[in-house]
Amino acid sequence: MSNWQSYLSWGLMSENARSPYRGNAERTYWKSAVTGRGPDQLDDLHVAKFPITPSTKIATAGSCFAQHIARNLRKHGYSVLDVEPAPPGLAQDHARRYGYETYSARYGNLYHVRQLLQLAKEAFEGRGIADGVWEKNGRYYDALRPSVEPLGLASPDLVHLHRDRHVKKVEKLFRSCDVLVFTLGLTEAWVSRVDGTVYPTAPGTVAGDYDPEKYEFVNFKQSKLLEDFLEFRKIVRRVNPRMNFLLTVSPVALAATATGGHVLVASSYSKAVLRSVAGELADEFDDIDYFPSYEIVTGVAAGNSFFDSTGREVTQEGVDCVMRHFFGESAKNSTAQVLPSQDPVIVGDEEPDALVCEDVLLEAFGP
């Protein structure tokens, strides 16, 4: 035993010693809560602030990883809202390709908090978009959700028509949901120099063309992310005071960075900022909670076992473990029986590349 260990043992054996750590729950000590435990054995990771039951009206949004959450909730019989369902008769693979059955509305991936804020301002404050239509090979795309129309539309007017219809559906969603489950994904973004609009992907990736006079790169800081989310919260709770928020952080690393630095360092920075934002919001507000999907996948208990050979994509086993923790906590807050879903989505049968992720396309521009 080292001198330090001897000193520590002597201190702990002192009957009269007082410490604010004495008598705390096992989950608060690494040795009892983490050491020697597998990812499914991490007890009390999350103590929910508010119940999410099969009858809760859930809206889902966020980065690619959020698609896993939405599908699993549906699969287990939870009431995930869908205000833009696929047209009758459209095959499931085509529906997913066109942005249906992915989230609670057909907004595509919302990687950034600012995207949420933009949607709320469009829906409830009539915010316009200076550069909202991108072109590619004579076809036109909604720049704020370019992946939902893989072949584009015939004219800018059609893009505006579809956008207006979509925003009305988003308004309905925010007015009617009980809880929004939102996965924070990225801090790096491409922004319009004209009106500050944030896009889900860089111009020239899915559609459009990169012009440095029109677009700039922004790596959002914690203070700005907090400001954006609180403004979003203020807008939507004004029309829906009962609305709660469950935040998660995507464990999926950046596919590429525009900082010029190493992508590993850039990814670590982004995730740290997002986790800090989610934690601060959850600490400050009773209507905001945090679920630790990021820690379950990336923590020492899992090692690298929940990532595929790229070290970036989360395996199905990782997703399943996250959802077991989620449903385990949910069961503590509900006496209702979770019925098997009639939804045809069987998450366990899908490959990770079934997700729709614009950021993966950035890899095509690399060496």
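1. Phe-327 is a buried residue, because its relative accessible area of 14% is under the 20% that marks burial. Phe-327 belongs to helix 10, which covers residues 316-332. Once its neighbours within four places in sequence are set aside, Phe-327 is in contact with Asn-72, Leu-73, His-76 and Tyr-78. One of these partners, Leu-73, stands 254 residues away along the chain, yet the C-alpha atoms of Phe-327 and Leu-73 are separated by 8.9 Å.

2. The structure under review is a predicted model. The average pLDDT of the protein is 87, and 85% of the residues score at least 70. Over residues 335-353, however, the pLDDT is below 50, although this stretch has 30 contacts in the model beyond near neighbours in sequence. Residues 360-365 also have a pLDDT below 50, with 11 contacts in the model beyond near neighbours in sequence. Where pLDDT is low, the predicted coordinates should not be read in detail.

3. The overall composition can be stated briefly. The protein has 10 helices and nine strands. Its chain holds 367 residues, of which 48% count as buried. The exposed area is about 18,100 Å², and carbon and sulfur atoms supply 53% of that area. Among contacts with a separation of 6 or more, 72% join residues 24 or more positions apart.

4. Which residues touch the most other members of the largest nonpolar core? They are Tyr-107, Leu-180, Phe-182, Phe-229 and Phe-232, in a core of 43 residues. A second core, separate from this one, has 25 residues, including Ile-52, Leu-73, Val-80 and Val-314. Leu-73 of this second core is also a contact of Phe-327. As general background, nonpolar side chains tend to be buried together in soluble globular proteins.

5. The surroundings of Tyr-107 deserve a separate entry. Leaving out residues up to four places away in sequence, Tyr-107 touches Thr-60, Ala-61, Leu-119, Leu-144, Arg-145, His-166, Val-170 and Leu-173.

6. Helix 8 offers a simple check of geometry. How far apart are the end C-alpha atoms of helix 8? The helix comprises 22 residues, 263-284, and at 1.5 Å a residue it should span 32 Å; its end C-alpha atoms are 32 Å apart, so the model agrees with the expected span. The expected value is reached because the rise is multiplied by one less than the number of residues.

7. Burial along helix 8 may be read residue by residue. The buried positions include Ala-266, Ser-267, Ser-270, Lys-271, Val-273, Leu-274, Val-277 and Ala-278. Gly-279, Leu-281 and Ala-282 in helix 8 are buried as well. An α-helix has 3.6 residues a turn, so residues three or four places apart point the same way.

8. An open sheet is formed by three strands in the order 6-5-7, with antiparallel pairing. Its edge strands are strand 6 (198-199) and strand 7 (215-219), each of which pairs on one side only. Strand 5, residues 188-192, is mostly covered, with four of its five residues buried.

9. The pairings of strand 5 can be followed from each side. Strand 5 and strand 7 are joined by five bridges in the antiparallel sense. Within that pairing, Ser-192 stands opposite Tyr-215, and Val-191 has Glu-216 as its bridge partner. Towards strand 6, strand 5 pairs over two bridges, again in the antiparallel sense, and there Val-191 stands opposite Val-198. Strands 5 and 6 make a hairpin with five residues between them, and Gly-196 in the turn has a positive phi of about 80°.

10. Another hairpin links strand 2 and strand 3, with two residues between them. Strand 2 (residues 133-136) and strand 3 (residues 139-142) run antiparallel and are joined by four bridges. One of the pairs places Lys-136 opposite its bridge partner Arg-139 in strand 3.

11. Two residues merit attention for their backbone angles. Most residues other than glycine have a negative phi. Asn-137, in the loop between strand 2 and strand 3, has a positive phi near 50° although it is not a glycine. Asn-137 counts as exposed because its relative accessibility of 72% is over 50%. Asp-44, which is not a glycine either, has a positive phi of about 55°. Asp-44 lies in the loop between helix 2 (30-33) and strand 1 (58-62). Its relative accessibility is 39%, so Asp-44 counts as partly exposed.

Notes
Residues numbered from 1 in each chain as written. Heavy atoms only, no water. Buried < 20%, exposed > 50% of the residue type's maximum accessible area, 1.4 Å probe, protein only. Pairing = 2+ DSSP bridges. Contact = heavy atoms within 4.5 Å. Core = buried A, V, L, I, M, F, W, Y, C linked by side-chain atoms within 4.5 Å. pLDDT = per-residue confidence, 0-100. Areas by Shrake-Rupley, 256 points an atom, 1.4 Å probe, with all protein chains shown as cover.
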